[in-house]
Amino acid sequence: MRSFFLYLVFLTVPSLAMEGTAPLKTVDWSFNGIFGTFDRASLQRGFQVYKEVCASCHSMKLLSYRNLEGIGYTPNQVKAIAQTYEVQDGPNDDGEMFMRPGKPKDRFFQPYANDQAARAANNGALPPDLSLITKAREGGADYVYSLLTGYAEAPVNEKPMVGLYYNPYFSAHWIAMIPPLSDDMIEYQDGTPATVDQMAQDVTTFLAWASEPEIEVRKQWGFRIIIFLFIFSIVMFFINARIWARLEK
Amino acid sequence: MDGKADKGRRDFLILTGYTMGAAGLAGLAVPFIDSLNPAADTQALATTEVNLGLLQPGQAITAMWRGKPVFIRHRTSEEIEQARTVELKGLPDPEADEARFKDNPQFLVVLGVCTHLGCVPLGQKPTDNKGDFGGWFCPCHGSHYDISGRIRKGPAPKNLTIPPYEIKDKLLKIG
Amino acid sequence: MANVKKSSTLSKDSNRIAKWIDYRLPILSFLKAEAVDYPTPRNLNYWWNFGSLAGITLVIMILTGIWLAMHYTPHTAHAFESVERIMRDVNYGWLLRYIHMNGASMFFIVVYVHMFRGLFYGSYKKPRELLWIFGVLILLLMMATAFMGYVLPWGQMSFWGATVITNLFSAIPLVGDSIVTLLWGGFSVDNPTLNRFFALHYLFPFLIVGLVFLHLVALHTHGSNNPTGVEAKKPSDKIPFHPYYTVKDILGLVIFLTIWGAFVFFAPNFFGEPDNYIPADPLVTPPHIVPEWYFLPFYAILRSIPDKLGGVVLMFSAVFVMFIIPWLDTSPVRSGRYRPLYKIAYVFFLVACVALGWAGAQEAEGVPLLVSRLATAYYFAFFLILMPVLGFIEKPLPVPESLQESKRKKGAGR
């Protein structure tokens, strides 16, 4: 619940807003704050984590390969990435659908044909689409990071659930997702050690970018526009004072 | 306070106010106007690829590029010869045939949009009326185009537009 | 000393084209009379800025709204994605949408402040009853517009908000269910509902423009109220609207835009719910359904009554009671400034409204429920009991003879 009044009244008591879940781990994200920007290297590592780990279950329906230019890839690199996927196209002149290599304009490859297939493959649980995940969860990037690194031994008072894993950051504490990350499960192209924490931070950065790709432009322009309006306010304040001073005479 | 200096400062202030107001309004107009331009996804779709391998001499196919038809004609050598020998003098939009194709004179690639008012000319199907010059004929207001896509007769002012394209190994890439 | 002209003719030195037009269609002299020369009390404070702010916010909302509508698709299968396309692919689409999205909250802030100002200074009292009533009508239309606009992105909150709010009407005896079916155009909130909500969301702002026009006609008939509540009698009590209030309104506007911009650029989803970035799913209700903050006080009133029909009736009464405020207030004194008891009652009313807003965001149980019940009781008691009774028992402070006298006194006191 992120309503205005709640903010006013309970700004200092976050635990009440997140009832029953552990307080989130906070990370000093590079994209936080007024001048926040994305760390391109982290974004690209995060994309690698998504591609090699998350993408086998989680779709990102709203993203296209062309969007990857936004994390620092050149158009040719994007083309090469897109080409590694097979995309259905058609119908061709014979009226048949056919497979072709992906193009930058294509949407990200989806692991399942539809939600039903996704549920069928995951014991009835639907792996959520990740296109907007940091915007669609209370706590945003911190929540995603906390969840990814938050798997733990269940306390004695928690009743174990078959096929579910204990995670104090998840709303029900028992989550259907297998702990997705383990040390050195992937090999980063830039040689960064692939610890769970590193991978969680990188993929969270990537997901935050995917949710709000406009964030850098928004903050840069926002800063300039707010400065402009602030100066304009001061100018208007003096004009107003001058005009009204006429009445005193 | 000195009256004159006071007045000068006021004028400067008010001028600053006007300037900032005008600049602010102009700046505000930018997102409104630019949002009407093609969006990123629309621009990404602006490339079309066509395989020319099966296109026999004399045949034509129509491809779609940016929501508009593109006429692709595999011209026979007689047609090419005929297009080359046209006297350029007196054409409404004089252009040599050599300027109407890239690399390979066999393939003519033009936008299938009449330069008069945007109708799609006839002439792609064998049964179509190809006009008086064996190319295309626009049924809307009777413009005749020749086998080089040049306007020869009728109200259209310009030759059919040539889109940006390249042909590599019989693969045509438009855009 | 400013000299106020009452004539509505163009000045002699205006150019020939202006004169030509004005002779045939007196639009220029009308504008000059109503927006330039318009005699305004000279003692208006900054609370009087919020009327023009509301007007400008309406214009910005209509402009960004029309521009968003050019990219939006009102279909359950495409609505969510078309909004995301605006956010990701349309040039400056994110800016237009965030301005519009936060603009809804800004609009309500401004209008609520505008209303609280009117309530304190007695701006609804004779001869401004209709002015007030048109204001309440505008609020009603705004609420309907905001509600339907929130449905358009077709996220989880959109869908479930629409479901819950439309179901309010099922409380009506006998015909309730038929009315809900009629509202939906089906048997649940679905594509027909989304389509008509889009159509009406586009239409209503223009109805609001019409009401705003009538609101302004009523305002300009007897002129603005002022902090003293004393009608301006002498010509020197009033000053021309331009440049005094045009400049002051622009100052207010620029400050307001700075605040609005801070939300748009640095906390665009502050007023929003994360759940609305999950596409609508008719099979899963989010754990906490909360309306937008500007509806929270009314939502708290709804839930303070354990009875379904009673809650709905009370909630709508909370708005409709505002229509009769001009006749509930029996005090001979207009401005709250000279009404010691009303001042106290008014402060408690403010507290009650904030408390209702807070309680509306909580689970309806325990302390929040108790708070919402007490605040609801006070909300209605303020209008229905305190307003009429205070007029008789209260001994007002001495009211100044003219609005300038109060100013001079204040100056002498310093």
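This is a selection-by-selection tour of a predicted model.

Residues are numbered from 1 along each chain as its sequence is written, and chains are lettered from A and ligands numbered from 1 in the order in which they are written. Because the model is predicted, local features need pLDDT of at least 70 and side-chain atom pairs count only at pLDDT 80 or more, while totals for chains, interfaces and linings use all residues; side-chain values use heavy atoms, with hydrogens and water left out.

**Stop 1: the sheet in chain B**

Select β5, β6 and β7 of chain B. These three strands make an open sheet, in the order β5-β6-β7, with antiparallel pairing. Strands here are DSSP runs of E with at least two residues, helices are runs of H or I with at least four, and both are numbered from the N terminus. Two strands pair if DSSP finds at least two bridges between them. Colour β5 (134-138) and β7 (151-153) of chain B: these are the edge strands, each pairing on one side only. On average, neighbouring strands of the sheet are turned by 35° against each other, direction ignored. Axes for such angles are lines fitted to C-alpha atoms, for helices over the stretch in contact, and angles run from 0 to 180 degrees between N-to-C directions.

Now zoom in on β6 (residues 143-146) of chain B. Two bridges join β6 to β7(B), and the two run antiparallel. Which residue stands opposite B:H144 in β7(B)? Select B:K153 to see the partner of B:H144.

**Stop 2: the disulfide**

How many disulfides does the structure hold over all chains? There is one. A disulfide here is a pair of cysteine sulfur atoms within 2.5 Å. Show B:C119 and B:C140 as sticks: their sulfur atoms are 2.0 Å apart. The torsion about the S-S bond of B:C119 and B:C140 is about -95°, so the disulfide is left-handed. B:C119 lies in the loop between β4 (107-111) and β5 of chain B, and B:C140 in the loop between β5 and β6 of chain B, so the pair ties together parts 21 residues apart in sequence.

Turn on a surface. B:C119 has 22% relative accessibility, so it counts as partly exposed. B:C140, at 37%, also counts as partly exposed. The scale is relative accessible area: buried is under 20%, exposed over 50%, partly exposed in between (1.4 Å probe, protein chains only).

Compare A:C54, which is in no disulfide; the nearest cysteine sulfur, that of A:C57, is 9.1 Å away. A:C54 counts as buried, at 16% relative accessibility.

**Stop 3: where B meets A**

Show chains A and B together. In this interface 15 residues of chain B are in contact with 10 residues of chain A. Contact means heavy atoms within 4.5 Å. The two chains bury about 1300 Å² between them, 69% of it on carbon and sulfur atoms. That area is the accessible area (1.4 Å probe) that two parts lose on being put together, summed over both. How many salt bridges does the rule find across the interface of chain B and chain A? Zero. The rule asks for a side-chain nitrogen of Lys or Arg within 4 Å of a carboxyl oxygen of Asp or Glu.

**Stop 4: salt bridges within the chains**

Over all chains, the structure holds 25 salt bridges. Start with A:D115 and A:K61, whose closest N and O atoms are 3.9 Å apart. A:D115 sits in helix α5 of chain A and A:K61 in the loop between α3 (40-52) and α4 (75-83) of chain A, 54 residues apart.

Go to chain B and select B:R100 and B:E95, a salt bridge at 3.1 Å between the closest N and O atoms. B:R100 is buried, with a relative accessible area of 2%. B:E95, at 25%, counts as partly exposed.

Now pick C:D329 and C:K125, which meet at 3.4 Å, N to O. C:D329 is in the loop between α13 (325-328) and α14 (340-360) of chain C, while C:K125 is in the loop between α5 (93-121) and α6 (129-151) of chain C, 204 residues apart. Are these two residues buried or exposed? Both C:D329 and C:K125 are buried. Add C:R339 and C:E394: salt bridges that share partners join these to C:K125 and C:D329 in one network.

**Stop 5: backbone details**

Select A:G90 and A:P91. A cis peptide bond joins them, with omega about 0°. A:P91 is in the loop between β1 (86-89) and β2 (98-101) of chain A. C:H242 to C:P243 is also cis, with omega near 5°. C:P243 belongs to helix α10 (residues 241-266) of chain C.

End at C:L174. Its phi is near 65°, a positive value in a residue other than glycine. C:L174 counts as exposed, at 89% relative accessibility.
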